[in-house]
Each structure stands twice: as C-alpha cells, then as structure tokens.
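Q: Got a minute to walk through this one with me? I'd like the contacts, then the sheet, then the helix packing.

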Amino acid sequence: MARSGLAGAARVAHWADAALGPGRDGGRADGKATLSDETAERAAADLGLTPAQIRADWDTARLAGLVEVHGDSARPGWRLRAWDRDDSAVLRGWVALFDAWSLAHPEPADHEPAAVAEVVSAMPQVLSFLQLSAGPVPVEQLLDLLEQRVTELRTERCEIPYGPRPDPAAQPEPQPQPADAPLEPLLDWALHALASVGALTYGDGQATLTPLGSWAVWVKLEQICVAAQSPAGNIEVGAEEMLRGCAQLRPNAARAEYRAWLAARPVGSAVTELIEAARGEDALLRGLAFEALRVVGAPAEPDVRAVAEEPTLRPYALLWLAEHDGHDPEDAHEVLTREEATWLWVDTAAAVADHGEAPLLVRHLESAVQPTVPMLLDEVRAVGHPRTVQVLVALAAAHPDPALAKAVRRAAFQVHTGRS
C-alpha cells in the first residue's frame, strides 16, 4: 500500500536521478529545489503526465525523502536507492510523508496561522481516536474532540503573572474580544490533507483510517511508550551522556535504551550526535555509538558511509556497512584488512583498559587476528594507534605469565621511544 501510494513520487525521483546529471539545472535557486518550468515540462513529456502532476509528485518525493534538498539543489535520498530492495525504506518514506501531512495539502488562506498551528497540534489525538474506533467516525464527533483538544492547548499556554497585582481600578475597561474562529473548516482541511497522503478516507460526513494510517498511528503510540520506558534521565541527555549511561547495561537493555533515545528525536540529528560521540577519545563510546547506529538501521547508511574514510572510525564503519549489506555479524570482520583489524583490536583494548577489569583485557588477546603474541606485538607497534603504549602497559600489568608480560612491556617501551 505504501509502495502504491508513493509510486508516482518514486517514478519522478527515478526520472530525475537518470535524466539530471550532476551540475545540471533541475531546480530553481530558491533553497527548496523546486522544479523549473523547463524541467517539469521535460519530465511531463518523458513520463506522459502533465506538468502539474509532475510538480505534485515531486513535492511528495521531497516530503517522503525520496529526494533530499541540499541548498538549491536536490539529489536522490537513501530511500530511493533502497526502493527496490528494502520494504522498510518504503515504509519509512511513507511515514515521513504522513508526518508532513500539513504540508502536503495547502492550508486555508483565510485562517490565522496560530489557529492552523493549534489544529495541527491537536490532530494526533484525533487520529488516536480514529485508530481506537477502528471504523468510520462521524465528522461531528471528530469536531467535538478537536474543539476540546484545542481548548486544552489554549489552557496549557495560559500564563499566571507573578509579582504584585495591579490595582483593578486603574486598569482600562476590558474590550470585547472577537469570537474564536470556527474550527470546522480547519478540520475539513486537516482531514483532506491526511486523505491526500493515504492516511484516511474522508467523505459522506465521516472519516476512516486506512490500514496504513492505522499502522502509522500505532507506530507513533508505540514510540511514545518506548520513550516513556527509558531509564531515568537518559532520554533527555545528549548522545555521549546517553552512551555512558548504557555502558553498564546488558546488550538487550542497552538496545532498548537506544530505541527510546532515538524515538525522542529526529533521526538525522540523532545520527549526527552519535557519530560525533564516536569521534571522541573514549574508545568505549566509539563502540557503543556504532551499536546505537545499528539500531537506527538504513537511515544511518549515508552518514556511516561518509565516515568510512576517517581512520579512527573506518573499522567500525566498515563492519556496520558489511552487516547492513547482509553479512553475518560473526563473519563481518572479514571485510577488514589485517591493519584495520589490528587497529580495531587496539581500540577495543583501550576501551577494556579504561572501563573493564584486568581479566577481560587478558581474554581480549584471544580475539586478535594474529596467531601468536609476537606477531600481534609486531603489528600493533606498526599500526600507529594513539593508545598503543597505554594498552600494552595495561596488558603487561594484567597478564599472569611473567615472560609474556615482559615481552609486552618491551614492546610498549619500543613504541614509546620510537625504536623498532
């Protein structure tokens, strides 16, 4: 159903991807990547549509993330790239369109922006009622609910002044206020807009959620419930503090916390925060940040791919991309070169040394790709990780074998002094 609803938008986006190469003028320089008249007419001729249909489908493609606006130009989004192979990308695209329903259909021009904003804020409760009703609901009933919710919103905004109260006698006579604008036309607009994105059907004085609309509302409610189950405080803090809060959790509990944290913020900004946390000096946070990015899934792919050339993040990014492309997590390490695997071993050892116990660091030796400790030490010295000396010193202090500990200390001294 999501595919059919977005089929026109995907068709125009695919056409633009194929017909408009880099550097070609496919949009006006208005900061919105609006199609130029020439491009719209060209697309209409190629696809057998009218320019108006092309523009409508192009707007839908932008709202659904099939094309992404960068400055005054647009380029294919990850959802378009994944369109044929990933049903979740299609669903995410439709959910993005659903979230943008108030932009998909022109709002009434003769209503105050504040009134429109109130109706947009109140519609989630209306949609929840439709979802619970599981069938047609008369518009009159929805209007009553909308009026109640708008009244609640206005009451919540009411501010009580503090400090000395002015003398009522000195106040000017109150002037009659104009009556609130009727909400019925705005409800009509909202239902038409939601119908235009495929969330509901609207006609004959009643509205009914479509199966896709019902699913979307259920997902939104589930996200709210997941967010509400977050351990105290973590949902409100930044990525770095959230990751530190998850450091002592078991994997399943940590993943639940990542989901709650992600549900409370836009995906794009969440991914940016996680990657910035991964760039820090704490190797533990680097590993946890990429675990959280695994929970994000496909929307994080462009950002992860972009940092794959950063030496500090490259091994983590390559493993993430390999798993995203279908590799078994246990075999994903095969995409790393020997040098990348060694760098990752040192980085992980740094996390264990900083936050773990000595036995864990000793057991970490078993995860090295090198078959012997002398080979490991040779390659660790050559890899150039900034924490190499600290890792080797900690390993030497923790290892129960005196001979091996001595060899590790010697390697640490050689790295520290720059000797081979």
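Q: What share of the contacts with a separation of 6 or more comes from residues 24 or more positions apart?
A: In the protein chain that share is 63%. Contact here means heavy atoms within 4.5 Å.

Q: And what kind of model is it?
A: It's a predicted model, where local features need pLDDT of at least 70 and side-chain atom pairs count only at pLDDT 80 or more, while totals for chains, interfaces and linings use all residues. Residues are numbered from 1 along each chain as its sequence is written, and side-chain values use heavy atoms, with hydrogens and water left out.

Q: How many helices and strands are there?
A: The protein chain has 22 helices and five strands. Those are DSSP runs numbered from the N terminus, with helices being H or I of at least four residues and strands being E of at least two.

Q: How much of the chain counts as buried?
A: 42% of the 420 residues. Buried means under 20% relative accessible area, exposed is over 50%, and partly exposed is in between, with a 1.4 Å probe and protein chains only.

Q: OK, sheet time. What's the strand order in the open sheet of three strands?
A: The order is 3-5-4, and the pairing is antiparallel. Two strands pair if DSSP finds at least two bridges between them.

Q: Which strands stand at the edges?
A: Strand 3 and strand 4, each with a single partner strand, so each has one side left without a neighbour in the sheet.

Q: How many bridges on each pairing with strand 5?
A: Strand 3 (residues 137-138) pairs with strand 5 over two bridges, and strand 4 (residues 200-203) pairs with strand 5 over four. Q206 of strand 5 is the bridge partner of P138, and Q206 is also the bridge partner of G203.

Q: What links strand 4 to strand 5?
A: They form a hairpin with two residues between them. In the turn, D204 has a positive phi of about 55°.

Q: Which side chains of strand 5 are buried?
A: Strand 5 (residues 206-209) alternates: A207 and L209 point to one face and are buried. Q206 and T208 point to the other face and aren't buried.

Q: Which strands does helix 8 lie across?
A: Strand 3, strand 4 and strand 5, and helix 8 runs at about 75° to strand 5. Helix 10 packs on the sheet too, touching strand 4 and strand 5, and its direction makes about 135° with that of strand 4. Those angles run from 0 to 180 degrees between N-to-C directions, and axes are lines fitted to C-alpha atoms, for helices over the stretch in contact.

Q: How do helix 8 and helix 10 cross?
A: The axes of helix 8 (residues 113-133) and helix 10 come within 10 Å and cross at roughly 60°. They're therefore oblique to each other; under 35 degrees counts as roughly parallel, over 145 as roughly antiparallel, 65 to 115 as roughly perpendicular, and the rest as oblique.

Q: Which residues meet there?
A: Helix 8 brings A115, V116, V119, V120, M123 and L127, and helix 10 brings L186, L187, W189, A190, L191 and L194. By class that's twelve nonpolar, no polar and no charged residues. Ala, Val, Leu, Ile, Met, Phe, Trp, Tyr, Cys and Pro count as nonpolar, Asp, Glu, Lys and Arg as charged, and the others, Gly among them, as polar.

Q: Switching: how do helix 12 and helix 14 cross?
A: Helix 12 (residues 239-246) and helix 14 (residues 267-278) have axes that come within 8 Å and cross at roughly 70°. That makes helix 12 roughly perpendicular to helix 14. The contact is made by A239, E240, M242 and L243 of helix 12 with E273, L274 and A277 of helix 14. By class, there are five nonpolar, no polar and two charged residues in that contact.

Q: Last one, A195: buried or partly exposed?
A: A195 counts as partly exposed because its relative accessibility is 29%. A195 is in helix 10 (residues 184-196), and leaving aside neighbours within four places in sequence, A195 is in contact with L200 and Y202.
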